[in-house]
Every structure is written in structure tokens, then in C-alpha cells.
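Me: I would like to learn how to read the interior of a protein model, starting with its core. Could you give me the general idea and then take me through this case?

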Amino acid sequence: MGLGQLATIRDRLLAHGRAAETPAAIVVAGTMARQQVETASLADLGEAAERLETTSPALIIVGEVVGIRQHLTCSAQAVRGATTPVAVQ
């Protein structure tokens with residue numbers, strides 16, 4: 001349902017003051033082997049959705065929190081490669 005309403009959600013966020021450059025992400029099948037993540041600005045989120053192979057289940061994330069994805073990815077890679085227990089903060 002979320003991606004089916006993506007244009008409406010985006011348009012309403014923009015109409016209510018969200019900046020077009022606001023970071024956004026679409027996560028399909030989160031935590032599953034078939035997980036897909038596309039990131040874009042709020043204005044370009046429709047184009048990001050078109051790059052997805054499948055569209056359900058999907059989560060739309062909007063805001064600066066999208067920017068921590070790179071940090072979390074690097075931390076997860078460090079933990080997978082560690083030979084001793086590591087706490088990720």
C-alpha cells in the first residue's frame with residue numbers, strides 16, 4: 001500500500017513544508033535475503049521506486065535519519081569481520 005500511495009505521500013509532505021532535498025529511502029523486504037534499499041531526495045523518491053525489482057512489503061523513511069545508513073552499514077561490516085566480540089553503539 002505504501003508504494004501505491006507514494007506520489008500522494010510525497011506531495012503532501014512537500015505541500016506541508018518538507019524540503020524537496022530531504023533525504024528519503026524505500027526499504028523493500030527489510031531484514032530478508034531479498035531486501036532492497038533505494039535512497040533519494042524526497043523530490044526524486046518516485047524515480048527511486050522505479051528502480052526496485054519488487055515493491056512489497058515496503059517501508060518509506062523520510063528525514064535526516066536516512067543519512068545514518070552509511071554509518072550502520074560500515075559498523076555492520078566491521079562486526080562481521082571482527083574476530084573478537086564488538087559492541088556497536
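Reply: A nonpolar core is a set of buried Ala, Val, Leu, Ile, Met, Phe, Trp, Tyr and Cys residues joined through side-chain atoms within 4.5 Å, and buried means under 20% relative accessible area. Please keep in mind that this is a predicted model.

Me: Which residues make up the largest nonpolar core here?

Reply: The largest nonpolar core has 11 residues, namely Leu3, Leu6, Ala24, Ile26, Val28, Ala29, Leu42, Leu45, Ala48, Ala49 and Leu52. At least two residues of this core come from each of strand S1 (23-28) and helix H2 (45-50). Setting aside residues up to four places away in sequence, Ala49 touches Leu6 and Ile26.

Me: What is the order of the elements along the chain, from the N terminus on?

Reply: The chain has three helices and three strands, and from the N terminus on they run α-β-β-α-β-α. Of its 89 residues, 25% count as buried.

Me: How should I read a polar residue such as Gln36: is it buried or exposed?

Reply: The cut-off for buried is under 20% relative accessible area, and Gln36, with a relative accessible area of 15%, is therefore buried. Gln36 lies in strand S2 (residues 36-41).

Me: Which residues does Gln36 contact, leaving aside its neighbours within four places in sequence?

Reply: With those neighbours left aside, Gln36 is in contact with Ile26, Val27, Val28, Leu52, Glu53 and Thr54. The side chains of Gln36 and Thr54 are also joined by a polar contact of 2.9 Å.

Note on methods:
Residues are numbered from 1 along each chain as its sequence is written. This is a predicted model: local features need pLDDT of at least 70, side-chain atom pairs count only at pLDDT 80 or more; totals for chains, interfaces and linings use all residues. Side-chain values use heavy atoms; hydrogens and water are left out. Helices (H or I, at least four residues) and strands (E, at least two) are DSSP runs, numbered from the N terminus. Buried means under 20% relative accessible area, exposed over 50%, partly exposed in between (1.4 Å probe, protein chains only). Contact means heavy atoms within 4.5 Å. A polar contact is a pair of N or O atoms within 3.5 Å; within protein, one must be able to donate a hydrogen and the other to accept it, and residues adjacent in sequence count only if both atoms are side-chain atoms.
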